Each structure stands twice: as structure tokens, then as C-alpha cells.
There are 6 protein chains.
Amino acid sequence: MPIVTVQMLEGRTDDQKRDLVARVTDAVSETTQAPKDKVTVIIEEMNPAHYGVAGERPSDKV
Amino acid sequence: MPIVTVQMLEGRTDDQKRDLVARVTDAVSETTQAPKDKVTVIIEEMNPAHYGVAGERPSDKV
Amino acid sequence: MPIVTVQMLEGRTDDQKRDLVARVTDAVSETTQAPKDKVTVIIEEMNPAHYGVAGERPSDKV
Amino acid sequence: MPIVTVQMLEGRTDDQKRDLVARVTDAVSETTQAPKDKVTVIIEEMNPAHYGVAGERPSDKV
Amino acid sequence: MPIVTVQMLEGRTDDQKRDLVARVTDAVSETTQAPKDKVTVIIEEMNPAHYGVAGERPSDKV
Amino acid sequence: MPIVTVQMLEGRTDDQKRDLVARVTDAVSETTQAPKDKVTVIIEEMNPAHYGVAGERPSDKV
């Protein structure tokens, strides 16, 4: 604990994902006082065809 | 808000997914009075080998 | 399958939740051809202090 | 998008939760280039009796 | 890793939850070869009014 | 109900996944008294580049 799940559209680089894991871990540890080695970060990438807002998908607007 | 996640076995067409996002958004907006543009729908497709009921997987029954 | 999880801020009435379960089940069944008796709907209510957009929580703006 | 879910044991103060939402939003926006107003943060608090590691629950060790 | 989330209707005793965490940890560790101290189990209890199958909620049938 | 989601790093064999579904179903049914045919198990595999503990990813340590 804590376990942080980041759902985001696919397309970020491996460097961005590495920085995301590091920066989110710091943010959670520093605000909740959970030791950094207890913080788990999970990235869930999404296909634009599997995501919609207001009833529409980004993949239908390109 | 609201955020709707639909977990289902892989295999539906892109048209089915488009209709699913639109119809679920309408259903949620009309029953909860959340504005349509605030409703997010996420589709999570599952491999039949990663899903089981009563201890068995559909992929083991074909 | 399918399993539908609806995350929304707390505050809806029991009638709204009943209608939400029924209407979302119809929307998913009719667009994916999954039999209605295979569709599970789960409602997860959220406390406004546990939710934020753009770094701010609705509970901090009242 | 992105949607960030933070699961953690109950017990943090409201101030900690406000800072957590703000700092996690910054961390995600700055590393993924997603605009801050597109970042959603959800906090899910857990009862120690509903959480275990290595087969044991913290609530059984006090 | 692995992280196991068990969603179930509220109502089980604390003893049942303790046994659930222990037995699920054993089952996951023994079949995936993940060390037991790396296995996290999370229980998410659900209110019968927040759950439905085939468009109906158990709470509406009592 | 219950619905069990097992998040784990990719790489297990199909046999391991079959045993995991069967053994987790038994563990949940026997401790919660939920009938086996009501227990759903979902496996979510993760890419090592999408997972981190203490701010670091296993994929960055190889």
C-alpha cells in the first residue's frame, strides 16, 4: 500500500512511463507519509477505440 | 464523473463498441442526471484464457 | 460477462440506482449481444473528498 | 484521461488527501503532457481488515 | 505483484475474511510461483443495492 | 459474485493460468460459502514496463 493505477491512452514513450512511475511515487509518498518502497504504481494503457466521453470515441473523430 | 468500465470478452466489432459507448452514456446520463459530457466509458477486452466461472475457463471447453 | 462498473459521486436515490442497473444492462446486452442474464452491473459511489479533476476536489470548492 | 486511482489504507487527514490530489495531478500532467484539466484522481480508502500481504492482515497483528 | 482484488457482497464475518486472505494467497502463490510475501489481497465489499445481474438487484427481490 | 481479479506480471504458462482459476475459485468458495458457479476469476497480465515499486520498474533493472 498504497497502490496507484494510472489509466491513460496508449502512445507515451518508455521514458515518459519511467518518469511517471518515479514522480507519482514521490507525490504519493510525500503527501501520505507512506514509505516509497511501499508504493506500487500500475500503468494501464488504453486503445482510443476503447474509450469515450459524452458518448463519442476519439477514434471516431479522426 | 461518472466513469463506466465495461469488461467483456474480446471479439466485438468496432461498430458494436461505438454503439456500446453511445448507448451506455445515454443510459447513465438519463438515469443519474449527470450531463452526457461528464460521462466517461472505458472498454476492457478480455482474452478467454484470462477468465473463468465455477473454476473453469471458456478456453478450456472448446 | 460482461461486467460493468459505474463509479459516480454519492447522492443518487435508490430509484435512480435501480433504473441505472436496468438501463445499463439493456444498453450493454443490445449492443454486444451478450444475454441479459450474463450482464453484471456494479455501482461504486464516491465521496466528493475522494475525487478530483485538474488537481482540485469538488469538496474544496463549496 | 488520464484517470488515476489511489488505493490506500484509511486514516489520512483531509489536508493530506487535498495535497495528494494536487501533487499526483501535477506528476501525471508533467510526465505525460496530458493537460491538468484532463487528469482525474480517485482515492479509494481501505479498511485494514480488508487488506493482506503474505496471507496476513495488518488488523490481525495489532 | 500479484495483486488480488475480491469483490463480494457485504455480510461475511471477520474470520471468513481472514481465511479468505490466507487461502487466496496460498492458491495464487502455489500456482504462479510468486513468493507469498509478494502477494497482496484486497477485499471490496458491496452493498446489495449497488449490484445487479440481468438488470435486477438482489435488494429489489427481498 | 464474488468477482476475483488477479493482476500479475505477464509470463505464466496456460497451465498455470488454468490452475490459478481453479484454485482461487476453490479458496474463495470454501471460505465465503459462495457457490463455486457464482465465482468469477479474471486475470489481468501486466507488462514489466507498466509496473513499479519504490519509484522504479523491474524493466529498468535488467
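How far apart do the closest C-alpha atoms of chain D and chain F lie? They lie 12 Å apart, and no contact (heavy atoms within 4.5 Å) joins the two chains.

## About the model

This is a predicted model, in which local features need pLDDT of at least 70, side-chain atom pairs count only at pLDDT 80 or more, and totals for chains, interfaces and linings use all residues. Residues are numbered from 1 along each chain as its sequence is written, chains are lettered from A and ligands numbered from 1 in the order in which they are written, and side-chain values use heavy atoms, with hydrogens and water left out.

## Two helices side by side

Two packed helices are described by the angle between their axes and the distance between the axes. Take helix H1 (residues 14-32) of chain E and helix H1 (residues 14-32) of chain F. Helices here are DSSP runs (H or I, at least four residues), and strands are E runs of at least two, numbered from the N terminus. The axes come within 9 Å and cross at roughly 165°. Axes are lines fitted to C-alpha atoms over the stretch in contact, with angles from 0 to 180 degrees between N-to-C directions. H1(E) and H1(F) are therefore roughly antiparallel (over 145 degrees).

Many residues meet here, among them E:Leu20 and E:Val24 in H1(E) and F:Leu20 and F:Val24 in H1(F). The residues of this contact divide into 8 nonpolar, 6 polar and 8 charged. Ala, Val, Leu, Ile, Met, Phe, Trp, Tyr, Cys and Pro count as nonpolar, Asp, Glu, Lys and Arg as charged, and the others, Gly among them, as polar.

## Chain A and its partners

Chain D puts 25 residues in contact with 25 residues of chain A. The buried area is about 2,200 Å² (accessible area, 1.4 Å probe, lost on being put together, summed over both). Carbon and sulfur atoms give 59% of that area. D:Met1, D:Arg23 and D:Thr31 supply 28% of the area that chain D buries against chain A, more than any other three residues.

With chain F, 15 residues of chain A are in contact with 13 residues. Chain A and chain F bury about 1,100 Å², 51% of it on carbon and sulfur atoms. Chain A and chain C have no contact.

## Salt bridges

A salt bridge is a side-chain nitrogen of Lys or Arg within 4 Å of a carboxyl oxygen of Asp or Glu. The whole structure holds 54 over all chains. Chain D and chain A share 2. D:Arg23 pairs with A:Glu30, with the closest N and O atoms 2.8 Å apart.

Chain A and chain F also have 2 salt bridges. F:Arg57 pairs with A:Asp14 at 3.0 Å between the closest N and O atoms.

Terms used. Parallel < 35°, antiparallel > 145°, perpendicular 65-115°, else oblique. Buried area = accessible area lost by both parts, 1.4 Å probe.
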